[in-house]
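Please work through the exercises below with the sequence and the model side by side, attempting each task before reading its solution.

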Amino acid sequence: MFRFDNACLVNMEASMAPVPLSIATVIGSARYGRRCEPIAQWAASRINARHDMTADMIDPSGLPLSFGEQPLPLDIWCQLEARMEKADAFLVVTPEYHQGYPAVLKHLIDIVPNVWQAKPVCFISYGTYSKGMQAVEQLRQVFSFLQAIPIDHALGLEGIERYFDRNNVFKPDSDTTQHLSTMLDRFHQALQPMISVQPGRKRIHEQ
């Protein structure tokens, strides 16, 4: 009679365990004193605190970006594309500059245009009065053209300075934290029909 030992059972249970979804958290500005970096770090910490998601931070300020003919050295471009290709979805954290989104964010999107296809994208935005929603609406058009899937639910922060203390530490209130949790829940729900939770899952554009 064939019998399973304990090690075999453990391996089977591990292989059937859900694999956390990889969320690439994209910082939308490279300006000095940018507020989106601590906001993105907060969002990434909330993602990593969940059992069903992990965050990978994509920061344009750490890339040798150029607006010339070769925007990135080839080896760095390949590394960036590989990281973003592994992501199951994207969370973009962006300010609103003059009723639009930053040029460096558009530059980053254009450098790796193929990684977004068929993947959900959600947004955290901020601005003085509009909560950054005008930037988000423009980004929805860009990502829709790239065949990504912008999620309707977004987190907008109005009067961004009130969220920072005297030491420039981001201090979200309970409503903001709950809003992010709700958005991530909906984000996760949007992903379920598109990918399997089993190891070795394939994204929709690879099937």
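The exercises go from the overall fold to helix packing, then to charged pairs and single residues.

The model is a predicted one, in which local features need pLDDT of at least 70 and side-chain atom pairs count only at pLDDT 80 or more, while totals for chains, interfaces and linings use all residues. Residues are numbered from 1 along each chain as its sequence is written, and side-chain values use heavy atoms, with hydrogens and water left out.

**Exercise 1. The fold**

Task: Establish how many helices and strands the protein chain has and in which order the elements run.

Solution: Helices (H or I, at least four residues) and strands (E, at least two) are taken as DSSP runs, numbered from the N terminus. With this definition, the protein chain has six helices and six strands, and reading from the N terminus gives the order α-β-α-β-α-β-α-β-α-β-β-α. Next, take contact to mean heavy atoms within 4.5 Å; among the contacts in the protein chain with a separation of 6 or more, 78% come from residues 24 or more positions apart. Finally, of the 207 residues in the protein chain, 43% are buried, where buried means under 20% relative accessible area, exposed over 50% and partly exposed in between (1.4 Å probe, protein chains only).

**Exercise 2. Helix H2 and its surroundings**

Task: Check the span of H2 against expectation, and then determine what its buried residues pack against.

Solution: The expected span of a helix is 1.5 Å times one less than its number of residues. For the 13 residues of H2 this gives 18 Å, which agrees with the 18 Å between its end C-alpha atoms. The buried residues of H2 are Cys36, Ile39, Ala40, Trp42, Ala43, Ala44 and Ile47, and the buried residues of this helix pack against strands E1 (21–27), E2, E3 (89–95), E4 (120–127) and E6 (155–158), as well as against H6.

**Exercise 3. Two helix pairs**

Task: At what angles do the axes cross in the pair H2 and H6 and in the pair H4 and H5?

Solution: Axes are lines fitted to C-alpha atoms, for helices over the stretch in contact, and angles run from 0 to 180 degrees between N-to-C directions. Angles under 35 degrees count as roughly parallel, over 145 as roughly antiparallel, 65 to 115 as roughly perpendicular and the rest as oblique. The axes of H2 and H6 come within 11 Å and cross at roughly 55 degrees, so these two helices are oblique to each other. On the H2 side, the contact is made by Trp42, Ala43, Arg46 and Ile47, and on the H6 side by Thr176, Thr177, Leu180, Ser181 and Leu184. For H4 and H5 (residues 133–145), the axes come within 12 Å and cross at roughly 10 degrees, which makes H4 roughly parallel to H5. Here Leu105, Lys106 and Ile109 of H4 meet Leu139, Val142 and Phe143 of H5.

**Exercise 4. Charged pairs**

Task: Find which residues form salt bridges with Arg50, and place these partners in the structure.

Solution: A salt bridge is a side-chain nitrogen of Lys or Arg within 4 Å of a carboxyl oxygen of Asp or Glu, and a search of the whole structure finds eight of them. Arg50 pairs with Asp52, the closest N and O atoms being 2.9 Å apart, and Asp52 is buried at 12% relative accessibility. Arg50 also pairs with Asp185, again with the closest N and O atoms 2.9 Å apart. Because Arg50 lies in the loop between helix H2 (36–48) and strand E2 (53–58) whereas Asp185 lies in helix H6 (residues 174–191), this pair ties together parts that are 135 residues apart in sequence. Asp185 is partly exposed, at 38% relative accessibility.

For a pair within one helix, turn to Lys106 and Asp110, whose side chains meet in a salt bridge (2.8 Å, N to O). Both residues lie in helix H4 (residues 103–111), four residues apart, about one turn of the helix. An α-helix has 3.6 residues a turn, so residues three or four places apart point the same way. Lys106 is partly exposed at 29% relative accessible area, and Asp110 is partly exposed at 41%.

**Exercise 5. Backbone and burial**

Task: Locate Ala118 and Lys131, each with a positive phi of about 65 degrees, and decide for each whether the residue is buried or partly exposed.

Solution: Ala118, which is not a glycine despite its positive phi, lies in the loop between H4 and E4 and is buried, with a relative accessible area of 17%. Lys131, likewise not a glycine, lies in the loop between E4 and H5 and counts as partly exposed at 34% relative accessibility.
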